[in-house]
Amino acid sequence: MRVLLCGGGTAGHVNPALAIAQTIQRNSPSSEFSYVVTKNGIEKRLVPYKQYEINVTGLKRNFSLSNLKTIFLTFRAISECKRIIKEFKPDIIVGTGGYACYPVIYAGHSLGIKTVLHESNALPGKALRMLEDKVDKIFLNFKEAEKYFKDKSKLIYAGNPVRDGFGVLNKDEARKKLKIKEKYVVLCYGGSLGAKAINEGAMQIIENLIKEEKSIRFIWASGKREYREMYYLLRDKGFEKLKNLDFNEYIYDMPERIASADVVICRAGAMSISEMAFAGKCAIFIPSPNVVDNHQYKNAYALSSASAAILMTESEIFNLTDTVKELLDDDVKRALYGKRIKAFSVKDSNKIIYEEIKRLVKNSKA
């Protein structure tokens with residue numbers, strides 16, 4: 001199977017594409033992959049496959065003369081994508097969101113290639129909604145997203161595919177591997193670049209809880225942007241020597257860290273939510289206010305309204321320490337949150353997506 005992947009702008013768009021590719025590779029080892037990336041996209045760093053680069057930008061939400069340039073670049077990118085498709089000769093094109101998907105899927109459809117999209121968020125992105133009539137199937141992570149599409153026959157509620165490594169270890173096994181001896185584990189992170197509000201909340205937790213409660217292991221990734229500032233702040237306060245503090249810029253073994261945790265504090269991107277649901281973790285979601293259509297808030301609200309997670313806005317960050325302490329003090333409440341969020345995880349999500357892709361490719365060759 002030859003698969004052309006697209007989706008970028010944020011890791012939340014790239015990681016589902018990589019998870020889908022891993023599943024296809026595992027089930028069909030002879031498969032070949034290529035990825036269409038944008039010039040300054042994060043996908044260029046994350047994708048291990050052969051890359052084709054296009055120059056395209058997203059439309060501004062308000063009227064802007066720059067949108068004229070965007071439209072010109074998009075039409076030029078469609079032409080370039082047709083050349084890429086003719087060169088790579090994919091059996092199927094898989095898109096996972098972001099404006100970079102539009103020219104690739106559009107070009108693929110016009111050339112008669114099977115195309116599928118995966119939407120991770122409760123509120124589908126503009127590019128995906130515009131491509132509804134250009135795809136064969138649309139995989140959804142949230143049932144709430146169904147109402148934004150006209151042709152329901154194209155929709156498949158498949159959940160979010162998870163990357164390799166999740167579900168391999170249980171809590172005790174993960175703690176043994178990580179050499180964690182504390183009774184409780186709190187994991188806190190705000191993405192690869194970091195999040196200022198979450199880092200402020202982490203410092204608050206260390207100051208008011210971790211430095212005194214030695215039974216709690218606090219695992220914190222500050223992100224690249226504020227790592228040095230947070231490190232010096234920890235050092236100045238004498239906290240960098242705390243034995244129950246595990247401070248990092250970035251967490252590379254996330255499946256093990258999540259498995260070890262009792263409480264997780266993170267952003268409300270679709271991939272983070274799916275990983276918490278898959279692992280059945282008690283989570284505090286702090287949505288980024290700086291995303292298109294406020295979709296992180298909508299993601300977290302879908303869970304909090306079902307009492308499956310705690311939604312905390314950045315303006316409420318002063319309550320973070322008390323909320324964490326309350327959760328650690330109540331085993332029943334943590335277990336309930338874990339059980340309820342688990343219901344948002346689709347069993348065999350990876351398999352559902354793979355089987356549908358395999359069916360489409362088989363039918364196209366019949």
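How many bridges join strand β4 to strand β5? There are four of them, linking residues 92-95 of β4 with residues 114-119 of β5, and the two strands run parallel. Bear in mind as you read on that this is a predicted model.

## The open sheet

Strands β4 and β5 belong to an open sheet of seven strands, and its order reads β3-β2-β1-β4-β5-β6-β7. The pairing in this sheet is parallel. At its edges sit β3, covering 50-54, and β7, covering 155-157, each of which pairs on one side only. From one strand to the next, the twist averages 25°.

Helix α14, made up of residues 349-365, packs on this sheet. The strands that α14 touches are β4, β5, β6 (137-140) and β7. If you compare directions, that of α14 makes about 175° with that of β6.

## A closer look at G95

Let's zoom in on one residue of strand β4, namely G95. Its bridge partner in β5 is L117. Is G95 buried or exposed? G95 counts as buried because its relative accessibility is 0%, where the cut-off for buried is under 20%.

Setting aside neighbours within four places in sequence, G95 is in contact with C6, C101, I105, V116, L117 and H118. The bridge partner L117 is thus listed among these contacts too. As for L128, which is 33 residues away from G95 along the chain, the two C-alpha atoms are separated by 8.8 Å.

## Two nonpolar cores

The largest nonpolar core holds 33 residues. Those with the most contacts inside this core are I206, F218, W220, I265, I284, L320 and V324. At least two core residues come from each of β8 (184-189), α7 (196-210), β9 (216-221), α8 (227-237), β10 (245-248), β11 (263-266), β12 (282-285) and α12 (320-328). Helix α7 gives the largest share, with seven residues.

I265 is a good place to start exploring: not counting residues up to four places away in sequence, I265 touches V186, L187, C188, Y189, I205, I284, I286, L320 and V324. Apart from the largest core lies another, of 28 residues, including A122, I219, I273 and A283.

## One cavity

How many cavities of 30 Å³ or more are there? The count comes to one. The largest cavity has a volume of about 40 Å³, and its lining consists of N141, F142, I273, S274, A277 and F344. You may recognise I273 from the core of 28 residues.

Terms used: Residues numbered from 1 in each chain as written. Predicted model: local features only at pLDDT ≥ 70, side-chain atom pairs only at ≥ 80, totals over all residues. Heavy atoms only, no water. Core = buried A, V, L, I, M, F, W, Y, C linked by side-chain atoms within 4.5 Å. Buried < 20%, exposed > 50% of the residue type's maximum accessible area, 1.4 Å probe, protein only. Helix = DSSP H or I, 4+ residues; strand = E, 2+ residues; numbered from the N terminus. Contact = heavy atoms within 4.5 Å. Pairing = 2+ DSSP bridges. Axes fitted to C-alpha atoms, helices over the stretch in contact; angles between N-to-C directions. 1 Å grid on protein atoms, 1.4 Å probe; cavity = no way out; pocket = protein on both sides within 12 Å on 5 of 7 lines; lining within 4 Å. Points joined across faces, edges and corners; volume = space filled by probe spheres on them.
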